[in-house]
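Notebook open, coffee poured. I wanted to see what sits inside this one before doing anything else with it.

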Amino acid sequence: MTVEREDCAGPAGRARHGNADWLTGARITAVLGVYYRPEGRAGAPEAVEFVLADDQSVLLTCASDRTLHVTPGNWPRLPDWCVPASQWHHAPPALLPPVPYGGAWTVVGTQEVRDDGGEVLQAVIRCEEGDFVVVAGDTMAIRFDPRP
């Protein structure tokens, strides 16, 4: 996954060193979409925020070129670009499962799908129970693929 500022520490106290496994071992306590309130949850989220057990978060946003950007989040605050803040809110995306017994998903690995220029188009966050798949495009898309 790509963190905007390579010199910053990644979530869960891990420094980002150019490989996609920096989230491995983190415990995800919530997955929330960032929605523009007038569209409600019927609209696609503008971003997806993974809230971690250590009071940190990871924010995945879609750029205008349909690439995926992964940065440290500001949970429980909304991203700075949510202006005016009263028009935005966090909410669970539709069709994601509830948090598993034990209160969190444990990340066992991550994977990125990149374009020919090396930009991230899709991120897969692998957990013991299944995979969160986040895809960039005109809007954000997220799904959960359970393990068989």
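Started with phenylalanine 132, keeping in mind that this is a predicted model. Leaving out residues up to four places away in sequence, I find Phe132 touching Val31, Phe50, Leu96, Trp105, Ala123, Val124, Ile125, Cys127, Ile142, Arg143 and Phe144.

Next I looked up the core. The largest nonpolar core holds 25 residues, and Phe132 is among those with the most contacts inside it, along with Ile28, Val31, Phe50 and Leu60. I checked which strands feed this core: S1, S2, S3, S4, S6, S7, S8 and S9 each give at least two residues. S7 gives the largest share, 4 residues. There is also a second, separate core of 5 residues, and I noted Val34, Leu59, Cys82 and Trp88 among its members.

Trp88 sent me to strand S5, residues 88-91. Are its faces covered or open? Both are covered: Trp88 and His90 are buried on one side, His89 and Ala91 on the other. That two-sided split made me jot down the textbook rule that side chains in a regular strand alternate between the two faces of the sheet. Then I looked for the partner of S5: S1 (residues 27-36) runs antiparallel to S5, joined by 4 bridges. Within S5, tryptophan 88 is the residue that tyrosine 36 stands opposite.

Zoomed out last. I count 9 strands and 0 helices in the protein chain. Of its 148 residues, 43% are buried. Among contacts with a separation of 6 or more, 50% link residues 24 or more positions apart. For the surface I have about 7600 Å² exposed, with 51% of it from carbon and sulfur atoms.

Note on methods. Residues are numbered from 1 along each chain as its sequence is written. This is a predicted model: local features need pLDDT of at least 70, side-chain atom pairs count only at pLDDT 80 or more; totals for chains, interfaces and linings use all residues. Side-chain values use heavy atoms; hydrogens and water are left out. Buried means under 20% relative accessible area, exposed over 50%, partly exposed in between (1.4 Å probe, protein chains only). Contact means heavy atoms within 4.5 Å. Accessible areas come from the Shrake-Rupley method with a 1.4 Å probe; for residues, only the protein chains shown count as cover. Two strands pair if DSSP finds at least two bridges between them. A nonpolar core is a set of buried Ala, Val, Leu, Ile, Met, Phe, Trp, Tyr and Cys residues joined through side-chain atoms within 4.5 Å.
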